[in-house]
Amino acid sequence: MENQGEILIAVLRIGHRPQRDKRITTHVCLVARAFGADGIFVWRKDEKIKENLDKLVKAWGGDFFVDFKNYKKVLNEWKGMIVHLTMYGEKIDKIGEIRNKSKDILIVVGAEKVPPEVYEKANYNISVGSQPHSEVAALAVFLDRLFEGKNLYKKFEDAEMEIVPSPKGKTVIEKGFKTQRS
Ligand code: SAM
C-alpha cells in the first residue's frame, strides 16, 4: 500500500496535555509523518506543536497536516476504518486483514487512560506486543507494518533538504546543493 496523494491515513492523538505532553506529542507527529501518515488530529489546541511541524514540513517536504479537533468529532466524522492501538488489543498479525479491508485508516493513540468509547468505536483494537510501552513506538511499528517498510526512504518532491544515506558522516542535499555536515 502506498500513499496516493489524498488523505488516506490519519492519526488521532488522544490525551495530549499541553504542559506535560508537548514533546511526546511532537514525536507522535514526527513519526506519523516520517512513516507515511498524511496528517494528525490532536484533541487539544497547542499552536506550538503545529508551528514546529509546519517549519519541519517546509524544510523536509510533503503536505502533512496538523489539526486540532475534538476526538468525538473526529471519530464520528471519519468515513474509513478506525484502528486503536492499545496493549490490550488483538495481535498486530491482523495487519494484512486491515490493509486489505480499507484504504482510509484513522489510527488512534493515547497518552494515559483512553475513554472506553474509543474501544467501542474502533473497528480494530490492535496491540504491538502485550507489554506497556509508548504511543511513539506503537505508531512507528504499526505504520511500518501497514506500509510493509515501503515508506522509510520515500522522497518528498518539494523538500528543501534531503539526506543521502552514507556509510560515514552526514551528506545532505540543501536546495539542490550537496553538502557535507560536521
Ligand atoms: N494502558 C495503556 C494502553 O492501553 O496501551 C498504556 C498507556 S501508554 C503510556 C500510551 C499509549 O501508548 C496508549 O494509549 C497506546 O496507544 C500506546 N501503547 C502503549 N503500549 C502499547 C502496546 N503494547 N500496543 C499498542 N499500543 C500501545
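**Exercise 1.** What covers the buried residues of H6?

*Solution.* The model is predicted. One begins with the residues concerned: in H6, Glu135, Val136, Ala138, Leu139, Ala140, Phe142, Leu143 and Leu146 are buried. The elements that cover these residues include the strands S1 (9–13), S4 (81–91), S5 (105–109) and S6 (124–127), together with the helices H1 and H4 (95–101).

**Exercise 2.** Determine how H1 is oriented relative to H6, and describe their contact.

*Solution.* The axes of H1 and H6 lie 9 Å apart, and the packing angle is about 5°. Angles under 35 degrees count as roughly parallel, and H1 and H6 are therefore roughly parallel to each other. On the H1 side, the contact involves Ile24, His27, Val28, Val31 and Ala32; on the H6 side, Glu135, Val136, Leu139, Ala140 and Leu143. Sorted by class, this contact comprises 8 nonpolar, 1 polar and 1 charged residues.

**Exercise 3.** Carry out the analysis of H1 (residues 18–34) with H2 (residues 47–60).

*Solution.* The two axes come within 10 Å and cross at roughly 30°, which makes H1 roughly parallel to H2. The crossing is right-handed. From H1, the contact draws on Lys22, Thr25, Thr26, Cys29, Leu30 and Arg33; from H2, on Lys48, Ile49, Leu53, Leu56, Val57 and Trp60. By class there are 7 nonpolar, 2 polar and 3 charged residues.

**Exercise 4.** Compare the expected span of H6 (residues 135–146) with the distance between its end C-alpha atoms.

*Solution.* H6 has 12 residues, and at 1.5 Å a residue the helix should span 16 Å. The end C-alpha atoms of H6 are 16 Å apart, so the two values agree.

Note on methods: Residues are numbered from 1 along each chain as its sequence is written. This is a predicted model: local features need pLDDT of at least 70, side-chain atom pairs count only at pLDDT 80 or more; totals for chains, interfaces and linings use all residues. Side-chain values use heavy atoms; hydrogens and water are left out. Axes are lines fitted to C-alpha atoms, for helices over the stretch in contact, and angles run from 0 to 180 degrees between N-to-C directions. Helices (H or I, at least four residues) and strands (E, at least two) are DSSP runs, numbered from the N terminus. Angles under 35 degrees count as roughly parallel, over 145 as roughly antiparallel, 65 to 115 as roughly perpendicular and the rest as oblique. A crossing is left-handed if the near helix is turned anticlockwise from the far one by less than a right angle, and right-handed if clockwise. Contact means heavy atoms within 4.5 Å. Ala, Val, Leu, Ile, Met, Phe, Trp, Tyr, Cys and Pro count as nonpolar, Asp, Glu, Lys and Arg as charged, and the others, Gly among them, as polar. The expected span of a helix is 1.5 Å times one less than its number of residues. Buried means under 20% relative accessible area, exposed over 50%, partly exposed in between (1.4 Å probe, protein chains only).
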